[in-house]
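The exercises below are meant for someone meeting this structure for the first time, and each task is followed by a solution that proceeds step by step.

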Amino acid sequence: MRQYAGNRVGLALVGLTLLGAGGYAWLRGQGRLFDLPRNAKVLPAELARTLAEDPWTLWLLAFALLILSMLALRWLLLSVGWGRRGVANGTGTAMLCVGLKGVDGLGRAGVRVADNGLRVHLTCPSDADVGAVVSKLDQDIVGRVRREVRDDETPAVVRVHVRRQRAERR
C-alpha cells in the first residue's frame, strides 16, 4: 500500500513542479513577473561570469540534468504501470490470502490476469517455511483462484520471492 501512496505523492510533486515552471514561463513571457522587462537576465551577473569562465560546469550541469530526467521518466513510466503484465485482480488476491492464512510472515501477495493466463506472486521472509507455502499453493489454492478468475484450463505462473536475511548490526 505504501508504494502506491508514494507514487501518488511523487506524481503530485512532479505535477506541481511542472505547473509552477509553466506559470513562471508564462508570466515571464508576458512581462508580468516582478516588473522585469522581457529581455532581463535570468542569472545574476557574477554567476553568469563564473559559468562563462569555466565552460565544463555547464556540461556537468547538463549531464546531471539529463541523468535526472531519465531517472524521472523511468519512474513515471513505472508509476503509470508500463512494464507490468496483466490487470490486478482483487478477488484472486483475496482468495490467495485467505488460502495462505495459516502461513506466517508473508510480505506481499498478488494475482494478475494477463492475456496468457494468471500471474501469482508471493514474497516471503528468509525464515518462512517455503515448502509449506508451495505445498499449500500446489494442493488447491491456485486451482480455486484459477476457477474463480477464469476457468480450470487457464495456465498459471506462480513466483515465490524469498527475501535475503539481513546481516545483524552490532
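**Exercise 1. Find the pattern that the protein chain follows along the sequence.**

Step 1: reading along the sequence, one meets the order α-α-α-β-α-β-β-α-β, where helices (H or I, at least four residues) and strands (E, at least two) are DSSP runs numbered from the N terminus.
Step 2: the protein chain therefore holds 5 helices and 4 strands under that definition.
Step 3: before going on, note that this is a predicted model, in which local features need pLDDT of at least 70 and side-chain atom pairs count only at pLDDT 80 or more, while totals for chains, interfaces and linings use all residues. Residues are numbered from 1 along each chain as its sequence is written, and side-chain values use heavy atoms, with hydrogens and water left out.

**Exercise 2. Work out in which order the strands form the open sheet, and which of them stand at the edges.**

Step 1: the 4 strands are arranged as β1-β2-β3-β4 in an open sheet with mixed pairing, two strands being paired if DSSP finds at least two bridges between them.
Step 2: β1 (87-88) and β4 are the edge strands, and each has a single partner strand, so one side of each is left without a neighbour in the sheet.
Step 3: β2 and β3 are antiparallel, paired over 7 bridges, and they make a hairpin with 2 residues between them; A114 has G117 in β3 as its bridge partner.
Step 4: β3 and β4 run parallel and are joined by 7 bridges; here V120 stands opposite V158 in β4, and R119 has V157 in β4 as its bridge partner.

**Exercise 3. Identify which elements supply the largest nonpolar core.**

Step 1: a nonpolar core is a set of buried Ala, Val, Leu, Ile, Met, Phe, Trp, Tyr and Cys residues joined through side-chain atoms within 4.5 Å, and buried means under 20% relative accessible area, exposed over 50%, and partly exposed in between (1.4 Å probe, protein chains only).
Step 2: the largest such core has 16 residues, and L96, L100 and L137 have the most contacts inside it.
Step 3: at least two residues of this core come from each of β2 (108-114), β3 (117-124) and α5 (130-149), with α5 giving the most, 6 residues.
Step 4: leaving aside residues up to four places away in sequence, L100 touches L106, L122, V133, K136, L137 and I141, a contact being heavy atoms within 4.5 Å.
Step 5: β3 is itself mostly covered, since 6 of its 8 residues are buried.

**Exercise 4. Describe the course of α5 and what its buried residues pack against.**

Step 1: α5 bends by about 55° at D138, the bend being the angle between axes fitted to the seven residues ending there and the seven starting there.
Step 2: V133, L137, I141, V142, V145 and V149 are the residues of α5 that are buried.
Step 3: these buried residues pack against α4 (90-99), β2, β3 and β4 (156-162).
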